[in-house]
Amino acid sequence: MRRGLLFTVLLAATVTAPGVHARAMPDPSQTPAPGNEQPQIPLSRAGYSPAVNYQLQCAGCHLPEGQGAPRNDVPRMTGFVGNFLRVEDGREFLVRVPGVAQAALNNDQLAELLNWILARDGMAGASTPEDAAPYTGDEVARIRATRLHNLPDTRARLIQRMRDQGIAIHDGMPHDNHNNGDSR
């Protein structure tokens with residue numbers, strides 16, 4: 001009898017208190033906050049400059065000037081990232097890094113962003129080889145389609161290739177104290 005009474009009370013509470021659950025339902029008469037009347041445009045169609053796309057897609061981890069955050073296992077890009085173009089598989093690696101490959105940008109925007117980051121007069125500086133070809137949207141699409149399965153080991157292999165070529169490793173990561181060679 002007590003069990004039946006408890007069930008009846010719980011059932012009645014559930015049926016008579018829809019307000020508790022209704023809060024999760026949107027109010028059909030609610031209007032957007034001022035300034036938000038228009039639906040957001042997807043980033044891939046927004047037409048932002050590479051500098052803005054960097055701030056939206058990369059700066060959260062690599063920080064505003066590309067200085068990285070080693071404490072969070074995020075390498076510095078400033079004055080270093082172009083070195084990946086100096087080693088076999090490095091060019092593909094830069095496109096396949098999960099934060100790049102999964103960015104909310106279309107392939108042309110991503111190529112433009114990578115070219116902006118790798119510019120010799122920009123973030124990458126002299127680390128980018130003078131003869132480095134710019135990325136194209138088609139190239140990014142082809143490379144982006146292949147997932148990177150082991151980021152740490154792939155990156156370590158590429159860093160070792162840099163060392164083998166005498167490239168100093170100045171990316172701010174813990175292995176940085178084993179530098180050798182010049183800083184290209």
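**An all-helix pattern, a pocket and a few salt bridges**

The protein has ten helices and zero strands. Going along the sequence, this gives the pattern α-α-α-α-α-α-α-α-α-α. The model is a predicted one, so what follows describes a prediction. Of the 184 residues in the protein, 34% are buried.

Next comes the largest pocket. Its volume is about 760 Å³, and 32 residues line it. H62, P75, V97, L151 and R155 are the ones that lie nearest the centre of this pocket. Several helices chip in: α5 (59-62), α6 (90-96), α7 (98-101), α8 (107-117) and α10 (151-164) each give at least two residues to the lining. Helix α10 provides the largest share, with five residues. Sorted by class, the lining of the largest pocket comes out as 24 nonpolar, five polar and three charged residues.

R155, one of the residues nearest the pocket centre, also turns up in a salt bridge. Its side chain meets that of D171 at 2.7 Å, N to O. R155 sits in helix α10 and D171 in the segment after α10, so the pair ties together parts that are 16 residues apart in sequence. Both partners are out of the way: R155 is buried, with a relative accessible area of 14%, and D171 counts as buried at 0%.

The structure holds four salt bridges, and another of them joins the side chains of E139 and R91 at 2.6 Å, N to O. Here E139 belongs to helix α9 (residues 137-144) and R91 to helix α6, so this contact ties together parts that are 48 residues apart in sequence. Once again the two partners are buried, E139 with a relative accessible area of 14% and R91 with 17%.

What about R120 and E130? Their side chains meet in a salt bridge as well, at 3.8 Å, N to O. Both residues are in the loop between α8 and α9, ten residues apart. In this pair, R120 counts as partly exposed, at 38% relative accessibility, while E130 is exposed, at 71%.

The surface has a nonpolar patch too, formed by Y48, V52 and L56, with about 260 Å² of accessible area together. V52 is found in helix α4 (residues 50-57). With a relative accessible area of 34%, V52 is partly exposed, which fits its place in the patch, because patch residues need over 30%. The chain also brings V52 and L113 to a C-alpha separation of 9.3 Å, although they are 61 residues apart along the chain.

Note on methods
Residues numbered from 1 in each chain as written. Predicted model: local features only at pLDDT ≥ 70, side-chain atom pairs only at ≥ 80, totals over all residues. Heavy atoms only, no water. Patch = residues over 30% accessible without salt bridge, like charges linked within 9 Å, V, L, I, M, F, W, Y side chains within 5 Å. Areas by Shrake-Rupley, 256 points an atom, 1.4 Å probe, with all protein chains shown as cover. Helix = DSSP H or I, 4+ residues; strand = E, 2+ residues; numbered from the N terminus. Buried < 20%, exposed > 50% of the residue type's maximum accessible area, 1.4 Å probe, protein only. 1 Å grid on protein atoms, 1.4 Å probe; cavity = no way out; pocket = protein on both sides within 12 Å on 5 of 7 lines; lining within 4 Å. Points joined across faces, edges and corners; volume = space filled by probe spheres on them. Nonpolar A, V, L, I, M, F, W, Y, C, P; charged D, E, K, R; others polar.
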